[in-house]
Structures are given as structure tokens and as C-alpha cells.
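Q: I am new to this structure and would love a guided close look at one part of it. Could you take your time and link that part to what lies around it?

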Amino acid sequence: MSGQEHQHKDAPGNGGKGSLLALVLFWGCAGIYASLFMGWLVFPKLLYSEQNQPVDFSHAIHSDAAGMACEDCHFYREDGSYLGAPALEKCAECHTDVQTAEPVAADYTDAKEYRRKKARYDAEVLLVNEYVAKEKEIPWLVYSRQPDCVFFSHIAHTSPEAGAMECKECHGPVEEADTLPVYKENRITGYSIDIWGRNISGVKHNSWDSMKMDDCANCHKERKEDLKGMREPCFVCHK
Amino acid sequence: MSGGKEHVEIPYQTKFGMVINLDKCTGCGACMVACMAENNVPVRYDESDKLRSITWMRVYKLTNGKPFPETDVCWLPRPCMHCEGNPAHGFSPCVSVCPAVATDYSRQTGIVSQIYTRCFGCRYCMGACPYKARYFNWWDPKWPDGMKQYLSPDVSCRMRGIVEKCSFCFHRYQRAMDKSFYQASQGGREDTRLLEEEYQTACAQACPAGAITFGDLLNPEHTVYKLIHATYKDKAFRILEKTLGTRPKVYYVSSKDWVEAAADNHTKKVAKAAPGGH
């Protein structure tokens, strides 16, 4: 109290102190905004390098037009290990030649639609000429590559005897995706942004938005009843 | 470990353990080599300095301490005992003291785990372990030229400053379960519990004398169950079990009385581990 009174006495006309306060407030806010801008927008941009996949694969075409299911390409080996992305051999089963006709611009009233069709056609030409004809494996960039200390088993999650989960529950509606997402690699750790989650604020709307350790752990905790009240030791997922 | 609260019985699904027949063990050390190769155990610059070697599986040489002609020798392979201890007291000695939950007791398999990325190297567990089954990494591993190519991708390498120990080749269990789940999902299998031959540790497979038997202690189909409940019903003993009540899952069998007496040598001073061995 006495301090405030003292200030009032010392401030003739109050103008000097008020403008100083405004100045401090302004620069304070500006500083906070600048830091937030750097931390939330600039730094993440700098931290992750961006690469496109060698071939822009369309899950949508394969599930819609070709009527394929997830398991047709992403299947298990007989020892229960998960195949991941299939080898070129699988693509070559159908794509020995380019199967679609080249779209002609004149046929399309919508320029956007034409560009989409053309991009799909170009991707197939690339696949056939560069990889299938030359028998060269496609160097896919793997979004899900985990650190050395992590053990993950797909079959333990999907098998009816174990997790009994659908692909969608973790991966989302992949079959509707027309293009592959840009592969973003953390320049420091070398891991993909997808194991952290693309939303830098960590806000999660769908289960597939991020797959950090806590996301795995939350689900494992929820399904505790399945485990007959047993706590799972860390080495179920860590090695 | 003994006294206090009563034992809590755990609803195990499986409980893995070992029976080691010391009469069959020749002390060749094949189990140690197999274990190191399987689990990416680093080799030191001077491996002749046995005090600092990391040996998840270690073969000790026991003598009865008597002069010739009564001198007798016995080799004793020692993995991690995967003690059950007293569940009410936090299971095994190491699990009960770990401040970071880096080591934990699995109620599904009875295996004591060690998570390297969680351990921060206080070494409390090493002090607690009565079997000296835990080892500390004083240095980062350095692999001789070309040896990195031999590393197993199933086991992560340990860095300087953390503790490691035998895991009963848990990664082999994970792989075997994957196969079991696959077969079940294809309709080729009803019981996902593992058959004996589906999950074996590297040491048990490497032993040329067949001294090490590994399997599920709760499954009557498995050899270990038969050995403990029939063949060696009253003969199988566990080290320091009577003294400490650690309830190890590694059983030993020996026809020599002094060896069995030495297993609890805190109570009876019959013989003690002689320096030497591997």
C-alpha cells in the first residue's frame, strides 16, 4: 500500500509511468508471441526434413477400383511376423504394363480432376518403367520405424486370441487416402514425425493422430480387464 | 523376504523355469558363449579379466575343499534365477528394491524383466541380488571390426551406466507367441500356450551334454514339469532358497550331497565356491 502511494506522489500527471507500462506490456506480449511463433511454427519446420515417397501410391484406387483388402498386400509371414510394405513382386503381379490410359485434358471440364488423374497415371508409369521393368525394389520411406528399444507385434494386436483389433483402430481410414503423406524426418533423432504425431500441440482427436508411448499405455490400461487384473511389465513393448 | 505378510498366489498363465543337472555339466562353457552371442553381450578389450566380464550365464567351479584323494569338483551354470520371492513384498530381491521400475516381475510368464532405457544405473538391484546375476556396464560397448554384423536385432544393445541380466531369452518368447497367435488366427491352433520346443533359451539349446532343461513349470507336458514333479521330486534343490526364501525358478540336481549342502552354505559351512572357473 505504502509503495503505491509513494508512486502516486512521484508521478506528476501520470503520463510517463503509463506510457512506460504500455511499452513494457507491448514488448512483453510481442516477446511471448515471437517465442510462440518460433516454438510452434518455425522450430518444427526447421526440425523436420520433408521427403516425398518414391512412388505416390494411392490406397483409394487399390481398395475402390481394384477391390483389394488391407491383408491382400500387408500380410503376415508364417512365423507370425508382419510383412509391412510388400516387395516389388507384389506390385508386379498386376503392373507388368501401364494399365490406365493417359488422361487427355480435353476430356475434363474440371482442371483439378484432370491433374489428379494425370498424377495417378504418372505414378503408374514411374512404377512400371523405373521399378518393375528394371526389377528394382522401391525404396519406401517407413513412417513407423521405431527406436531400437521398442518391440511391437502386429499379430498380438490383430489376432482374435490376443488384441482382436481392426487395422483401422490405429491406422485410421487409410483406404480412403489418394496420396501418401509427406515423410518428415526429425533431423536430430532420425525418426519419422509419425511416431510422435503430426499435431505438434499434441491435441488428439483420433486414435491414429499420434502413437507415443502414452498412447499405447492408455489403451493397454483400458484393456486391463482382459488381462484378468494383471499389470503388464514394461518388456511387453520394450526390449 | 520371509515372515510378515502371507504369500499371495498369482494366477499365472505360464511360468517358465529351468532344471540344470549338475552331474551332466562338463563345464565346457558353451552355454556362456551361446548366451553372449544371442543377447548382444559386449566383449571387453581384455576378456581375461573375469571380474569385469559381463556374463548373463556364468559357469562356476565348486570344490568340496577336501585334500586329495577326497577332492571333488562340480561345475555350476548360473543364469538369472527369476525369483518369485514373496509377491506381497515386491517379488524378487531386485524388483523389490528398484526405484525406477526398470526391473519388473511378469505375472504372465514369471520372468523378471530388465528395461535398459529405464534403468539409470543406481545398482541397488546388484546389491540385492544374492546370486550376483546382474552386471553393470562400466563402459559403452565396443564391437570388434565386423562384429556389429552379428548383432541380433531382437535384443537392444546396452549403453554405459546401466545394469543388465539374463532375460530367459524373452525375445524368443515374443517371437514364439507371434507364431502361436498367427496359427491361432489361421484356425490351426486352439491353445496359444507354447509347446516346449517352441520356446527354448540359447543356453539350453547350446548345452552339448543336455544338462539344461527349459520349459513351463506349470505345463504337465513339459519336461521341466516332469523332472520336478516326478523324476527328481525330492532331489531338485534351489540355491539359497532355504535361507532367503527367494523362490528361484532355476532348479538344480546333483548326486553329490556336498553340492546340495553348498547351495545353502549360509546355514551349513560345507563347501564354498572356489576362485577360478570361467
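Does Glu135(A) count as buried or exposed? And once that is settled, please walk me through helix α4 of chain B and its surroundings.

A: Happy to help! Please keep in mind that this is a predicted model. Glu135(A) counts as exposed, because its relative accessibility is 72% and the cut-off for exposed is over 50%. Glu135(A) sits in the loop between α6 (111–132) and α7 of chain A. Its backbone has a positive phi of about 50°, although Glu135(A) is not a glycine.

Now to the helix. Helix α4 of chain B covers residues 170–185. Its 16 residues should span 22 Å at 1.5 Å a residue, and the C-alpha atoms at its ends are 22 Å apart, which agrees. After the helix comes Gly187(B), with a positive phi near 80°.

How enclosed is this helix? Of the 16 residues of α4(B), 12 are buried, so the rest of the structure largely encloses it. Among these buried residues are the aromatic-named Phe170(B), Tyr173(B), Phe181(B) and Tyr182(B). The list also includes Arg172(B), Asp178(B), Gln174(B) and Ser180(B).

The packing partners come from both chains. From chain B, the buried residues of α4(B) pack against β1 (16–21), α1 (30–38) and α5 (202–206). From chain A, they pack against α7 (155–158).

One residue of the helix deserves a stop of its own. Arg175(B) counts as partly exposed, at 47% relative accessibility. Its side chain meets that of Asp154(B) in a salt bridge, 3.0 Å from N to O. Arg175(B) lies in helix α4 of chain B and Asp154(B) in the loop between β6 and β7 of chain B, so the pair ties together parts that are 21 residues apart in sequence. In general, side chains of opposite charge can pair when their charged atoms come close.

Let us follow that link to its other end. Asp154(B) is placed in the loop between β6 and β7 (163–164) of chain B. Leaving out residues up to four places away in sequence, Asp154(B) touches Lys239(A), His171(B) and Arg175(B). His171(B) is one of the buried residues of α4(B), while Lys239(A) belongs to chain A.

That brings us to the meeting of the two chains. Here 26 residues of chain A are in contact with 27 residues of chain B. The area buried between chain A and chain B is about 2,400 Å², and carbon and sulfur atoms give 62% of it. By class, the side of chain A that touches chain B has 13 nonpolar, four polar and nine charged residues. The count of salt bridges between chain A and chain B is zero. There are seven residue pairs in polar contact between the two chains, with both residues at pLDDT 80 or more.

Salt bridges do occur elsewhere, with a count of 21 over all chains. In chain A, Asp122(A) forms one with Lys118(A), where the closest N and O atoms are 3.1 Å apart. These two are four residues apart in helix α6 of chain A, so about one helical turn separates them. As a general point, an α-helix has 3.6 residues a turn, so residues three or four places apart point the same way. Asp122(A) is partly exposed, with a relative accessible area of 38%, and Lys118(A) counts as partly exposed at 22%. In chain B, Arg238(B) pairs with Glu241(B) in another salt bridge, the closest N and O atoms being 3.6 Å apart. There is also a network in chain A: salt bridges with shared partners join Glu113(A), Arg116(A), Lys117(A), Arg120(A) and Asp178(A).

To finish, here are some backbone details in chain B. Lys132(B), in the loop between α3 (124–128) and β6 (135–136), has a positive phi of about 55° although it is not a glycine. Lys132(B) is exposed, with a relative accessible area of 60%. The peptide bond from Phe68(B) to Pro69(B) is cis, with omega near 10°. Pro69(B) is found in the loop between β2 (58–63) and β3 (73–78) of chain B.

Key: Residues are numbered from 1 along each chain as its sequence is written. Chains are lettered from A and ligands numbered from 1 in the order in which they are written. This is a predicted model: local features need pLDDT of at least 70, side-chain atom pairs count only at pLDDT 80 or more; totals for chains, interfaces and linings use all residues. Side-chain values use heavy atoms; hydrogens and water are left out. The expected span of a helix is 1.5 Å times one less than its number of residues. Buried means under 20% relative accessible area, exposed over 50%, partly exposed in between (1.4 Å probe, protein chains only). Contact means heavy atoms within 4.5 Å. Buried area is the accessible area (1.4 Å probe) that two parts lose on being put together, summed over both. A salt bridge is a side-chain nitrogen of Lys or Arg within 4 Å of a carboxyl oxygen of Asp or Glu. A polar contact is a pair of N or O atoms within 3.5 Å; within protein, one must be able to donate a hydrogen and the other to accept it, and residues adjacent in sequence count only if both atoms are side-chain atoms. Ala, Val, Leu, Ile, Met, Phe, Trp, Tyr, Cys and Pro count as nonpolar, Asp, Glu, Lys and Arg as charged, and the others, Gly among them, as polar.
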